[in-house]
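Hi,

Here is the structure I promised to pass on to you. Please have a look at it first, and then read on for my notes.

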Number of protein chains: 2
Amino acid sequence: MAERSTRPIQERTTAPATTPGALDLEENILAAIRRIVRAIDIQSRKLVASCGLTGPQLVTLRAIDRLGSPSLTLLSREVSIGKATLTGIVDRLERQRLVARTRDSADRRRITVSLTAAGEKTLAAAPPLLQDRFRSELAGLRDWERAAMLSTLQRVAEMLDAEDLVLDDLDAGPILESDRLERGPAKRSS
Amino acid sequence: MAERSTRPIQERTTAPATTPGALDLEENILAAIRRIVRAIDIQSRKLVASCGLTGPQLVTLRAIDRLGSPSLTLLSREVSIGKATLTGIVDRLERQRLVARTRDSADRRRITVSLTAAGEKTLAAAPPLLQDRFRSELAGLRDWERAAMLSTLQRVAEMLDAEDLVLDDLDAGPILESDRLERGPAKRSS
DNA sequence: TGGAATTGATTCGAGATCAAACGAATATGA
DNA sequence: TCATATTCGTTTGATCTCGAATCAATTCCA
């Protein structure tokens with residue numbers, strides 16, 4: 001602090017655009033998100049040590065298992081990862097012999113990805129993606145708290161990404177699946 | 001839509017591991033976070049087009065402005081970015097002549113980073129970090145809703161990262177500054 | 001004083017991330 | 001039929017991300 005007084009109000013050249021004070025909120029939101037992202041990334045690296053898979057790799061592996069033998073584009077939509085990125089992830093998964101690429105005979109542009117036996121085995125043995133501490137704290141919450149937490153995260157996600165659904169192509173319908181969890185006001189703006 | 005009924009309950013190959021149903025919550029939470037991350041990343045790339053700075057670069061620039069001429073380690077803590085990462089970001093910022101590194105004369109291990117005139121100018125002209133749509137929706141919320149949203153995000157961040165505060169070193173005290181916003185129960189676990 | 005431990009920053013290695021550009025295959029329309 | 005458009009996956013280029021290892025400077029203790 002104390003510094004603060006040295007630099008008056010810092011000349012807000014960029015217009016407030018919203019309510020005064022809202023800017024700080026934005027920065028705090030961003031800061032919280034940054035911390036979340038970082039924590040998940042760090043957890044991902046620990047995962048590598050314990051089972052040889054990174055977070056995105058494990059998420060991808062799970063999605064492949066869930067979807068059967070999806071095409072890359074479908075998989076990309078499912079896990080919210082761009083096709084370009086997914087290509088690299090699948091490359092590394094394939095290098096470890098956990099998945100296999102197959103050209104679709106009907107539509108030869110398509111590549112389907114499927115788990116190998118080793119992949120299934122690895123998947124079955126893989127630890128959870130989130131920190132144990134998070135999971136136990138989560139378990140300690142009341143149902144409505146959990147629901148509210150998820151709901152808030154999904155709300156933020158919607159507010160942020162609905163606008164920019166560009167990502168390579170990604171035109172297909174909404175992928176939202178927020179279980180039943182009523183959507184609240186649902187402010188369908190725009 | 002319609003798809004929904006096609007995919008029953010999705011064959012859980014991986015064992016539940018906790019309370020049944022809890023896993024789905026985790027996956028949904030993770031999915032929401034992934035979407036948030038992606039949206040922010042995409043926004044970051046748009047930022048580059050509009051002002052030549054990426055999100056992390058802008059965040060860093062702002063923190064430098066706010067802190068005066070911080071050392072890299074302090075800056076690292078402030079923006080929740082590892083020192084290794086920050087070195088690269090500052091490199092690129094320096095390459096653009098927006099900041100300057102200076103060796104601290106008192107402690108010559110330290111490097112302080114400060115804004116150049118060009119950096120200040122760029123910073124003043126930089127657009128907000130979050131999507132306009134997000135910002136306007138945020139502005140449309142009631143005060144308590146905004147507070148609840150921030151509070152939830154911070155709570156999630158706490159639940160996730162308090163455990164893993166390794167990040168190179170990062171031992172110093174809490175950096176939290178969530179303005180006044182009373183912390184609620186404050187569950188000082190551990 | 002002088003070696004050991006600590007701290008600050010950088011470098012290295014690996015992976016994730018996206019957009020844009022690309023080549024190949026399929027679909028569409030004239 | 002054939003040219004054009006669209007879709008699919010990959011490649012390329014740039015950044016971000018971290019931990020671990022490393023080098024330099026400082027502090028600590030004997």
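Below are my notes on the fold, the core and the DNA surfaces.

Please keep in mind that this is a predicted model.

Let me begin with chain A. It has eight helices and two strands, and from the N terminus on the order of elements is α-α-α-α-α-β-β-α-α-α. Of its 190 residues, 31% are buried. Looking at contacts in chain A with a separation of 6 or more, 49% are between residues 24 or more positions apart.

Next, the largest nonpolar core. It holds 74 residues, and those touching the most other members are Ile36(A) and Ile36(B). H2(A) provides the largest share of this core, with ten residues. What does Ile36(B) touch, leaving aside residues up to four places away in sequence? Its partners are Ile33(A), Val156(A), Ala157(A) and Leu160(A). As general background, nonpolar side chains tend to be buried together in soluble globular proteins.

Now to the DNA. Around strand D there are 31 residues, of which Thr73(A), Ala84(A), Gly82(B), Ala84(B) and Thr85(B) come nearest. At least two residues of this surface come from each of helix H2 (22-51), helix H4 (72-79) and helix H5 (83-95) of chain A, and likewise from helix H3 (55-67) and helix H5 (83-95) of chain B. H5(B) gives the largest share, five residues. By type, the surface near DNA strand D has eleven nonpolar, eight polar and twelve charged residues.

And strand C? Which of the 30 residues around DNA strand C come nearest? They are Thr54(A), Gly82(A), Ala84(A), Thr85(A) and Thr73(B). Here, two or more residues each come from helix H3 (55-67) and H5 of chain A, and from helix H2 (22-51), helix H4 (72-79) and H5 of chain B. The largest share of the surface near DNA strand C, five residues, belongs to H5(A). The breakdown for strand C is ten nonpolar, eight polar and twelve charged.

One last element is H3(B), which also contributes to the surface near DNA strand D. This helix has 13 residues and spans 18 Å from its first C-alpha to its last, close to the 18 Å expected at 1.5 Å a residue. Several residues of H3(B) are buried, including Gly55(B), Pro56(B), Leu58(B), Val59(B), Leu61(B) and Ile64(B). Just after H3(B), Gly68(B) adopts a positive phi of about 95°.

Happy to talk any of this over whenever it suits you.

Best wishes

How values were computed
Residues are numbered from 1 along each chain as its sequence is written. Chains are lettered from A and ligands numbered from 1 in the order in which they are written. This is a predicted model: local features need pLDDT of at least 70, side-chain atom pairs count only at pLDDT 80 or more; totals for chains, interfaces and linings use all residues. A residue is near a molecule or strand if its C-beta atom, placed from the backbone, lies within 6 Å of it. Helices (H or I, at least four residues) and strands (E, at least two) are DSSP runs, numbered from the N terminus. Ala, Val, Leu, Ile, Met, Phe, Trp, Tyr, Cys and Pro count as nonpolar, Asp, Glu, Lys and Arg as charged, and the others, Gly among them, as polar. A nonpolar core is a set of buried Ala, Val, Leu, Ile, Met, Phe, Trp, Tyr and Cys residues joined through C-beta atoms within 7 Å. A residue is buried if 20 or more other C-beta atoms lie within 10 Å of its own, exposed if 12 or fewer, and partly exposed in between; C-beta atoms are placed from the backbone. Two residues are in contact if their C-beta atoms, placed from the backbone, lie within 7 Å. The expected span of a helix is 1.5 Å times one less than its number of residues.
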